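Please work through the exercises below with the sequence and the structure open beside you. Each one sets a task and then gives a solution in steps.

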Amino acid sequence: MSNNEGINEQEQQHPLDYYKESIRLYYYNIVLHQHVEQVTQERNEIKQKLQKFQALEDQESDLSMDDKRKRNRRSAVEIPRSHVCQIKNCNKSYGSEGSLMQHMKIKHGITLEKHMNFIL
């Protein structure tokens, strides 16, 4: 028995129905094509969500960078010291009334009410 005879016997036992096979492959192709379209649509939706998320993240990082910028402060020599301590033998002067009040409270134990009575 030769190889050709073996193939012929297999074809006779399981003959191929080319029409049925082509229909089966056609439907398989349709299903596969639908699946590819669905996956492509899901991928595009995920891309859009990712872009929105990245845009929001960029906005938040821009806002946080504004908050973290170093505040420009004046040096001590640039501050005009127009508020002078009125206590005898105290030569301190300050750039704001609040700083003067803090000095008087800490160094001299004088609060705002006592200070007003002291001046008057």
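**Exercise 1. Find how many salt bridges the whole structure holds, and describe where the partners sit.**

Solution. A search of the whole structure, which is a predicted model, finds 1 salt bridge. The partners are glutamate 21 and arginine 24, whose closest N and O atoms are 2.7 Å apart. To count as a salt bridge, the side-chain nitrogen of Lys or Arg has to be within 4 Å of a carboxyl oxygen of Asp or Glu, and the distance of 2.7 Å can be set against that cut-off. Next, place the pair along the chain: both residues lie in helix α2, 3 residues apart, which is about one turn of the helix. Finally, consider their exposure: glutamate 21 is partly exposed, with a relative accessible area of 34%, and arginine 24 also counts as partly exposed, at 47% relative accessibility.

**Exercise 2. Name the residues of the nonpolar surface patch, and decide whether tyrosine 19 is buried or exposed.**

Solution. The patch is formed by Tyr19, Ile23, Tyr26, Tyr27 and Ile30, which together have about 550 Å² of accessible area. Tyrosine 19 is placed in helix α2, which covers residues 18–68. Exposed means over 50% relative accessible area, and because tyrosine 19 has a value of 60%, tyrosine 19 is exposed.

**Exercise 3. Work out why cysteine 85 and cysteine 90 are not joined by a disulfide.**

Solution. Begin with the bond itself: a disulfide is a covalent bond between the sulfur atoms of two cysteines. The search of the whole structure finds 0 disulfides. The cysteine sulfur closest to that of cysteine 85 belongs to cysteine 90 and is 3.6 Å away, so the two are too far apart for a bond; the cut-off for a disulfide is 2.5 Å. Seen from the other side, cysteine 90 is in no disulfide, and its nearest cysteine sulfur is that of cysteine 85. As for their surroundings, cysteine 85 is buried with a relative accessible area of 5%, and cysteine 90 counts as buried at 13%.

**Exercise 4. Determine which residues histidine 103 is in contact with, leaving aside its neighbours within four places in sequence.**

Solution. First locate histidine 103, which lies in helix α3, residues 97–108. Its relative accessible area is 9%, and histidine 103 is therefore buried, since buried means under 20%. With the sequence neighbours left aside, the contacts of histidine 103 are Cys85, Cys90, Lys92, Tyr94 and His108. For the record of this stretch, an unreviewed UniProt entry lists residues 83–108 as "domain: C2H2-type". In the model that span is 46% helix and 15% strand, and its end C-alpha atoms lie 16 Å apart.

**Exercise 5. Say what sign phi has at asparagine 89, and where this residue lies.**

Solution. Asparagine 89 has a positive phi of about 65°, although it is not a glycine. Asparagine 89 lies in the loop between β1 (83–84) and β2 (93–94), and with a relative accessible area of 74% it is exposed.

**Exercise 6. Describe the overall make-up of the protein, from its elements to its surface.**

Solution. The protein has 4 helices and 2 strands, and along the sequence they follow the pattern α-α-β-β-α-α. Of its 120 residues, 8% count as buried. Among contacts between residues at least 6 apart in sequence, 5% join residues at least 24 apart. The accessible surface comes to about 11600 Å², of which 53% belongs to carbon and sulfur atoms.

Note on methods: Residues numbered from 1 in each chain as written. Predicted model: local features only at pLDDT ≥ 70, side-chain atom pairs only at ≥ 80, totals over all residues. Heavy atoms only, no water. UniProt positions renumbered as here; feature names shortened; annotations may be inferred. Patch = residues over 30% accessible without salt bridge, like charges linked within 9 Å, V, L, I, M, F, W, Y side chains within 5 Å. Areas by Shrake-Rupley, 256 points an atom, 1.4 Å probe, with all protein chains shown as cover. Buried < 20%, exposed > 50% of the residue type's maximum accessible area, 1.4 Å probe, protein only. Contact = heavy atoms within 4.5 Å.
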